[in-house]
Amino acid sequence: MTAALNRSNAPFDALVGASAPDRTGIVHLGLGNFHRAHAAVYTAQAMAAAGGDWGIRGFANSSDRVVAPLRAQDNLYSILQLTESGAQAGLIDVHRNLGIASADPDAVVSAIADPAHRIVTLTVSEAGYTRDAVTGRLAVDSPALTAELKSAETPRSTIGMIARGLTRRVESGEPMTVLSCDNLQSAGEVTRAAVTDYLDAAGASQDVVDFVQKSVSFPNAMVDRIVPKTTASHTAAVAGLLGVEDQAPVPAEDFTMWVLEDDFAAGRPAWDQAGALFTDEVEAYEMVKLRLLNGSHSLIAYLGVLSGAATIDASWSLDSVRSAVLGGIEHDYLPTFTLPTGFDATDYVAQLDARWRNPLIGHATTQVGSDGSLKLLQRIPDAALFHLRQGRMPHHLALCTAAWIACVAPPLGFTPGPLAADIRDPAREALAEAVSGAVTTDDHVRRILGGGFFPAELAAEDSFTQRVAELLAVLTRDGVPAATADAAH
């Protein structure tokens, strides 16, 4: 029987980067697979290159699913890098003193207030920022935040815990950086606005407001690495490669990218020496990621679900899906933004092709398709409006919208298949209520696009609504190949 991983038997010859010291300099919120395959790896490599007290005090959001095995394994875990030619495993040792935020929010607040900690990083997904879906600002009128703001207890929302921690940090006056590592456009600005909105709603003193404005930085950043859910096969592969049983391994593709603004109020690890790119063109790289990768990823996922393809590589292998995605990149996405200086879009799309066809990743289409009511707001409206205002119809953006609707809010009489039921979306119930009673496909789509689920500016573009309805009708009547052919204008 393979021995359980711990510090006494760990294969340190497979260590990635360096082990962290006991002293921690980073607080991280959200201990899911992405953080552990991305920022944690860069941090280990940065400490190997330049040292520093950059251990990570990590908090899971609400579950001990990751915390319990990591504690049992002395905070060690493996990264399983999956390539078309095989798999490689390495050991990560950068986390210390792990906790669960919902169970002990005071510990999170204290960690943020601790002057030894100089950076707070976040991977809490789009939902963790508690934003209004249309305005993009903090949803202070939401039931959860309204109750929290009225309570004398420690906040439990991510933004609330950060705001309270920074409020207490005023006592030391030590500067801090709050770094979002989530898939959000202008993530730093979004996070700053959310924290500022929370402080305002909480009646924070002017001293606190001034401290956050002058001594806390919120750099923008773009993150990119495909990290699927861990399965038993990944655990078995690690045992075969490292000779120990890891109960918290992280599978990931070999591609990784991190682009950041160099705006750190209290210093940072040498992430640049670990391969991160520091630039003043973060917004341009964000557009590359959010539109070419993320927007396309959504289309692959929803068309795949409707085709019965359980994984991204299976969906990408379908000619109808592939042609629709490449058409969307060329006609609907690339014309909408300026590429970073010297960026080769053709080479990037070739990289995407290799990443999406990698059979070892096994990225579930239902995982990629989850939270579409939040994700698509980042990927569809602005690009669609760019074309519509110039008299052009973005057919593939309309197709993606129609495919999402077919999966999570199908019209009367259409059953999207068994995979669609596994797509998580926080708006499922609200969408079902909105379309209740709709008889025609056109009415069905209008109730969604004009019902507050998308910005009013896009809802006002009647031609787009009509095109989404047309493609939804084709999808539900004739299937994915017919709909992708219809979209290929």
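This passage walks through a predicted model of a single chain, from its overall build to a few individual residues.

The secondary structure of the chain comprises 22 helices and 12 strands. Its radius of gyration is 23 Å, close to the 23 Å that the globule rule gives for 489 residues, so the chain is as compact as a globular protein of that length. Along the principal axes, the C-alpha atoms fill a box of roughly 60 × 55 × 45 Å. Of the 489 residues, 57% count as buried. Contacts across long stretches of sequence feature strongly in the count: among contacts with a separation of 6 or more, 79% join residues 24 or more positions apart.

The surface and the charges can be described just as briefly. About 18700 Å² of the chain is accessible, and carbon and sulfur atoms account for 49% of that area. There are 57 negative side chains and 35 positive ones, and the centres of these two sets lie 3 Å apart.

Two domain annotations from UniProt help to divide the chain, both taken from an unreviewed entry. The record places "Mannitol dehydrogenase N-terminal" at residues 25-272. In the model, this stretch is 35% helix and 22% strand, with its end C-alpha atoms 17 Å apart. For "Mannitol dehydrogenase C-terminal", the record gives residues 282-471. Here the model has 66% helix and 0% strand, and the end C-alpha atoms are separated by 34 Å.

Within the range 282-471 given by the record for the C-terminal domain, helix 16 offers a helpful example of packing. This helix spans residues 381-388 and is mostly covered, with 6 of its 8 residues buried. The buried set consists of Pro381, Ala383, Ala384, Leu385, His387 and Leu388. Which elements provide the cover for these residues? They include helix 10 (282-307), helix 12 (319-333) and helix 15 (372-379), together with helix 17 (395-408), helix 20 (456-459) and helix 21 (462-478).

Turning to the range annotated as N-terminal, Ala39 belongs to helix 2, which covers residues 39-50. Is Ala39 buried or exposed? Its relative accessible area is 6%, which is under the 20% limit, so Ala39 is buried. Beyond residues up to four places away in sequence, Ala39 touches Trp258 and Trp271. Ala39 also lies 9.9 Å from Leu122, C-alpha to C-alpha, although 83 residues separate the two in sequence.

Ala116 sits in the loop between helix 4 (105-113) and strand 6. Its relative accessible area of 17% makes Ala116 buried as well. When residues up to four places away in sequence are set aside, Ala116 touches Arg23, Thr24 and Gly25. Met222 is 106 residues from Ala116 in sequence, and their C-alpha atoms are 26 Å apart in space.

On the other side of strand 6 comes the loop that runs to helix 5 (143-150), and Ser125 is found there. Ser125 is not a glycine, yet it has a positive phi of about 70°. With 29% relative accessibility, Ser125 counts as partly exposed. Ser186 also has a positive phi, near 50°, and is likewise a residue other than glycine. Ser186 occupies the loop between strand 7 (176-180) and helix 7. At 16% relative accessibility, Ser186 counts as buried.

Helix 7 itself covers residues 187-201 and contains Asp197. How does the 16% relative accessibility of Asp197 classify this residue, as buried or exposed? The value is under 20%, so Asp197 counts as buried. Apart from residues up to four places away in sequence, Asp197 touches Arg137, Leu138 and Val140. Ala202 follows in the loop between helix 7 and helix 8 (206-215). With a relative accessible area of 47%, Ala202 is partly exposed. Ala202 and Glu148 are 54 residues apart in sequence, while their C-alpha atoms are 9.5 Å apart in space.

Note on methods. Residues numbered from 1 in each chain as written. Predicted model: local features only at pLDDT ≥ 70, side-chain atom pairs only at ≥ 80, totals over all residues. Heavy atoms only, no water. Buried < 20%, exposed > 50% of the residue type's maximum accessible area, 1.4 Å probe, protein only. Helix = DSSP H or I, 4+ residues; strand = E, 2+ residues; numbered from the N terminus. Contact = heavy atoms within 4.5 Å. Rg over C-alpha atoms; globule rule 2.2 N^0.38 Å. Areas by Shrake-Rupley, 256 points an atom, 1.4 Å probe, with all protein chains shown as cover. Lys, Arg positive; Asp, Glu negative; His and termini not counted. Charge placed at Lys NZ, Arg CZ, Asp CG, Glu CD. UniProt positions renumbered as here; feature names shortened; annotations may be inferred.
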